Amino acid sequence: MTNLDLDVLRTFVTGMALGSFARAADRLGRSTSAVSAQLKKLEEQVGTPVVKKSGRGLALTPTGEIVLSYAKRLLELNDAAMAAVADTPLSGLLRVGFQEDFGEGLLTDVLGSFCRAHPAVILEARIARNAELESALNHSQLDLALLWQTPSDFVENEIGKIPLHWMGIPEQVETCLANGQPLPLVVFDAPCILRRHAIEALDCAGIPWRIAFTSSSLNGLWAAARAGLGVTPRTQVGKPADLPVIQTLPALPSLGICLPRASSEPNPIRDYLADIIEKQVGVFCRGS
């Protein structure tokens, strides 16, 4: 039986997660030639290519899909085993930021359990909007941040996509569309990527609009939309159960989610938490 090399599998999984084996080389601290050699070794072991060109990016072959699925499970078992037998517990300071949409769920589901499992880690968390978190990363005030993907330096760090929807009172939308009245919008103060996507979609469809309510708080947006002040473009992450999704307005794009690090230097605490967050984001994306 052929024994798959876990180090090679980790490179393969990282490359597919980042969409580029050059990025995987940077993330793993290896040269691109070393990563290429690892990919070649993996394909020799399984006897067929595992990736193929797809436009400017990469796509899995049918064999690659199978290998990737097993590779993730093998690495999870390996990492769990190493964590179980580690003599030295995780300790130190970690500063992490979350875009406001992810604050409630991840703070309770991930950070709470992480802190209980690793009491020697001093965790500082910040909830803010994209621009503030990107600035904090650039100035090394955060080690890690979960953001909406924007045309910025962090564009290559996408870890998932989640659909954007219109939410509000359907009857209000129907009245506006029927009478040619401007559609009232409930949005964050500019600049905001969701606000921009909403306005672009309405402009392309020739639907008039007006800003009816702005807020710097996500809770403020939810409250205004539920009160009937207008419609808001949001994802279903954290959506109030009694706020309907509106299907009669122009389709909105999916938003990329990224998890950039402030430094490429190895950081066991940061990288361990990043792996946990990536798995939870995967749950969000599959559930939406």
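## Second largest pocket, cysteines and His 197

The second largest pocket holds about 230 Å³ of space, a pocket being, on a 1 Å grid over the protein atoms alone, an open set of points with protein on both sides within 12 Å along at least five of seven lines, where a 1.4 Å probe fits, and its volume being the space filled by probe spheres set on points joined across faces, edges and corners. This is a predicted model, in which local features need pLDDT of at least 70 and side-chain atom pairs count only at pLDDT 80 or more, while totals for chains, interfaces and linings use all residues. Residues are numbered from 1 along each chain as its sequence is written, and side-chain values use heavy atoms, with hydrogens and water left out.

The pocket is lined by 17 residues (each with an atom within 4 Å of a point), and Asn 130, Ala 131, Pro 191, Cys 192 and Ile 193 lie nearest its centre. Two or more lining residues come from each of α6 (130-138) and α8 (193-205), helices being DSSP runs of H or I with at least four residues.

His 197 is also placed in helix α8, and it is buried, at 16% relative accessible area (buried is under 20%, exposed over 50%, partly exposed in between, with a 1.4 Å probe and protein chains only). Beyond neighbours within four places in sequence, His 197 contacts (heavy atoms within 4.5 Å) Leu 164, Leu 252, Pro 253 and Leu 255.

With a disulfide taken as two cysteine sulfur atoms within 2.5 Å, the count is zero. The table gives two cysteines.

| Cysteine | Nearest cysteine sulfur | Relative accessible area |
|---|---|---|
| Cys 176 | Cys 204, 20 Å | 7%, buried |
| Cys 204 | Cys 192, 17 Å | 73%, exposed |
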